[in-house]
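Me: I would like a close look at a single part of this structure, taken slowly enough for a first-year student. Please go through one strand, its surroundings and the loops that belong to the picture.

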Amino acid sequence: MVSPIAVLSPRKLGVYARFVAGTSSEELEMTHEPVMLKEVLEELSLKAGDTVVDGTIGLAGHSIEIAKNIAPGGVLYGFDWDEAMLAEAKGRLGSPTGVEVRLVRSDYREVPSVLQADGVRANAILLDLGLNSAQLDDGSLDLSGAGMEM
């Protein structure tokens, strides 16, 4: 059974990410501070060996801490539709000791089918439905909603 999560408003739970300018334009760095991290971890009630899904992994702020809480023997699934965010999450997570990380390029609507295909059940699922300003700052992304099914 998946752990219940208290209802948190997207505005409060939203990802806070910003670009910090270095000494030149080549030195831009994404920084990230996961919002309500302590409260999220308390609600998830994680333990060693858990299988956890971060359905909106983004810059991996929550997932880095989730990995620490499910080691040893845990499995962390990270989903994101944005290939650049998934690559950034992979770099930030690294190879956490005692945790298997499975990154999936898809949105959270595919969580059930991916878990079913892998033959696993999640102990907890996190969906951080706030805005990611790193994606808003990326002019190459079409975030207008054009072409989305409603």
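Reply: Helices, of at least four residues, and strands, of at least two, are DSSP runs that are numbered from the N terminus. With that in hand, we can turn to strand 3 of this predicted model, which spans residues 51-54 and is covered on both faces, since Thr51 and Val53 on one side are buried, as are Val52 and Asp54 on the other.

Strand 3 has a parallel partner in strand 4, residues 74-80, to which four bridges join it, and within this pairing Asp54 has Gly78 as its bridge partner. Between these two strands the chain passes through helix 3, residues 61-70, and the β-α-β crossover that results is right-handed. Strand 3 also runs parallel to strand 6, residues 124-126, with three bridges between them, and here Val52 stands opposite Ala124.

The loops on the way from strand 3 to strand 4 deserve a careful look too. In the loop that leads from strand 3 to helix 3 we find Ala60, whose phi is positive, near 70 degrees, although Ala60 is a residue other than glycine. Ala60 has a relative accessibility of 0%, and therefore counts as buried, because the cut-off for that word is under 20%. After helix 3, the loop towards strand 4 contains Pro72, and the peptide bond that joins Ala71 to Pro72 is cis, with omega near -5 degrees.

How values were computed
Residues numbered from 1 in each chain as written. Predicted model: local features only at pLDDT ≥ 70, side-chain atom pairs only at ≥ 80, totals over all residues. Heavy atoms only, no water. Buried < 20%, exposed > 50% of the residue type's maximum accessible area, 1.4 Å probe, protein only. Pairing = 2+ DSSP bridges. Right-handed = clockwise from strand over helix to strand, strands pointing away.
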